[in-house]
Amino acid sequence: MTATPAQPDLWTAPRAGGAVDATVTVPGSKSVTNRALVLAALASEPGWLRRPLRSRDTLLMAQALRTLGVGIEEGVGPDGTGERWRVIPARLHGPAAVDVGNAGTVMRFLPPVAALADGDVRFDGDPRSYERPLHGVIDALRALGARIDDGGRGALPLTVHGAGALEGGSVEIDASSSSQFVSALLLSAPRFNQGVEVRHTGSRLPSMPHIRMTVEMLRAVGAQVDEPETGGEPDVWRVSPSALLGRDLTVEPDLSNAQPFLAAALVTGGRVVVPDWPQRTTQPGDALREIFTAMGGSCELTEQGLVFSGTGVVHGIDVDLGEVGELTPGIAAVAALADSPSVLRGVAHLRLHETDRLAALTKEINGLGGDVTETADGLEIRPRPLRGGVFHTYDDHRMATAGAVIGLAVPGVEIENVATTAKTLPDFPAMWTGMLGLETAGAADRNA
Ligand SMILES: O=C(O)C1=C[C@@H](OP(=O)(O)O)[C@@H](O)[C@H](O)C1
Ligand SMILES: C=C(OP(=O)(O)O)C(=O)O
């Protein structure tokens with residue numbers, strides 16, 4: 001969290017006129033798109049991505065890979081099959097300048113790729129990116145043979161002096177501040193001379209589903225991965241050196257971005273259908289089926305997609321969100337509207353996300369009259385009647401969507417910088433008003 005902006009750009013969150021009833025088509029997963037781009041760039045033949053997410057984080061990833069020499073052709077598939085990108089791997093080279101924005105996936109997944117490039121690759125990003133942990137990636141790459149100049153900060157900005165190849169081998173890291181350290185090393189490892197053995201030494205490891213996603217996507221392009229969940233040693237991942245296949249991958253909808261829409265069904269006692277919800281997935285957002293059911297909803301995975309219904313009641317929840325930390329802002333928003341208190345645990349590492357999410361949620365919900373306290377590793381939320389006011393977002397897309405959920409039930413909630421949702425969901429305001437059956441302009445009028 002940083003200082004509150006002086007001249008906020010405000011969007012009046014529309015109130016729900018009644019129970020929502022909508023089908024919401026959610027764009028592709030950020031986490032899948034950015035992994036797929038990296039793996040396709042490292043492959044030995046061209047590949048396709050269908051229905052990739054087009055958002056700030058994924059466009060930054062695509063642009064960075066292009067800067068390193070990779071061809072990425074954006075196009076549209078035949079017969080309404082949606083967008084598809086062709087990725088054409090090439091020799092990776094510097095000199096190059098990579099803008100990571102505030103994308104964890106870009107700032108962590110690309111330094112290992114840069115170590116494989118020939119030449120210097122400079123990484124820089126938004127001011128917040130300087131504060132986000134990167135030491136795990138930097139230290140590990142150095143131990144594996146890379147030369148990195150980070151001015152001794154252990155963080156951005158930095159330059160990777162790519163040597164065209166990386167030795168690889170065994171390395172220990174403490175990934176308790178971000179699972180992306182592990183994912184970053186594994187994704188590029190098939191191209192390291194010796195592959196990699198990553199041993200996590202920290203006391204806890206957040207966001208395990210995202211590491212599973214990395215492992216499954218590596219295997220899908222032909223990599224050999226040994227890992228704890230399929231009989232390997234606890235906290236150890238091994239990737240063998242190998243060529244990677246170019247694949248034709250259809251990106252699943254982003255289930256974490258489905259969250260505000262499911263939350264809308266829950267808090268209004270309505271019904272939202274999300275088409276193409278996968279039957280099986282590594283995305284953490286799949287946990288919403290269980291979490292939002294425990295909070296009072298009900299859901300069914302049908303041929304149409306996920307049908308999620310609110311029942312008119314919203315309950316508090318006591319839950320460890322360590323595996324699914326990115327869902328915390330949206331769950332906190334629902335919890336603030338519930339009929340009983342909630343305890344959200346296991347998410348201390350959210351203090352180093354897009355903003356300090358624990359501080360930001362506490363300040364903004366309390367600013368509307370709520371009663372939230374921060375704990376060592378999460379939040380305690382005691383629902384109280386809320387009032388309207390400005391909901392600051394601190395350049396955090398999930399703060400903006402959390403504020404919109406509260407605004408469904410509380411008149412006069414004004415979201416500052418709703419455009420920050422472009423990080424992963426550029427069309428959010430129009431999707432939101434569309435779900436409510438409102439025109440975009442009408443949404444503002446309705447609450448004027
Ligand atoms: O690998 C990924 O795609 C992600 C991993 C998680 O990061 P952390 O482990 O840093 O929380 C998650 O919060 C982030 O939104 C996406
Ligand atoms: C933590 C998140 O993003 P990032 O990939 O930047 O870490 C998020 O999307 O909630």
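Biologist: What makes a residue in the shell around ligand 2 nonpolar, polar or charged, and how many of each are there?

Modeller: Ala, Val, Leu, Ile, Met, Phe, Trp, Tyr, Cys and Pro count as nonpolar, Asp, Glu, Lys and Arg as charged, and the others, Gly among them, as polar. On that rule the shell has one nonpolar, four polar and three charged residues. Mind you, this is a predicted model: local features need pLDDT of at least 70, side-chain atom pairs count only at pLDDT 80 or more, and totals for chains, interfaces and linings use all residues. Residues are numbered from 1 along each chain as its sequence is written, while chains are lettered from A and ligands numbered from 1 in the order in which they are written.

Biologist: Which residues are around ligand 2?

Modeller: A103, G104, T105, E326, H353, E354, R398 and T424. Each makes the list with a C-beta atom, placed from the backbone, within 6 Å of the ligand.

Biologist: How do you know where ligand 2 lies relative to domain 1 and domain 2?

Modeller: Domain 1 (10–27 + 253–446) and domain 2 (30–250) both give residues to its shell, so ligand 2 lies between them. Those bounds come from an automatic or database domain assignment.

Biologist: And which domains does the shell around ligand 1 draw on?

Modeller: It takes at least three residues from each of domain 1 and domain 2. Thirteen residues surround ligand 1, the closest being S31, S178, S179, S207 and H210. By class, one is nonpolar, 11 are polar and one is charged.

Biologist: Why is helix α10 called largely enclosed?

Modeller: A residue is buried if 20 or more other C-beta atoms, placed from the backbone, lie within 10 Å of its own, exposed if 12 or fewer, and partly exposed in between. Nine of the nine residues of α10 (328–336) are buried, so the rest of the structure largely encloses this helix. What covers them includes α8, α9, β19, α11, β21 and α12; contact here asks for C-beta atoms within 7 Å. Helices (H or I, at least four residues) and strands (E, at least two) are DSSP runs, numbered from the N terminus.

Biologist: How do you know whether the protein chain agrees with a compact globule?

Modeller: The globule rule is 2.2 Å times the number of residues to the power 0.38, with the radius of gyration taken over C-alpha atoms. For 448 residues that gives a value near 22 Å, and the chain has 21 Å, so it agrees. Buried residues make up 55% of the chain.

Methods
Two residues are in contact if their C-beta atoms, placed from the backbone, lie within 7 Å.
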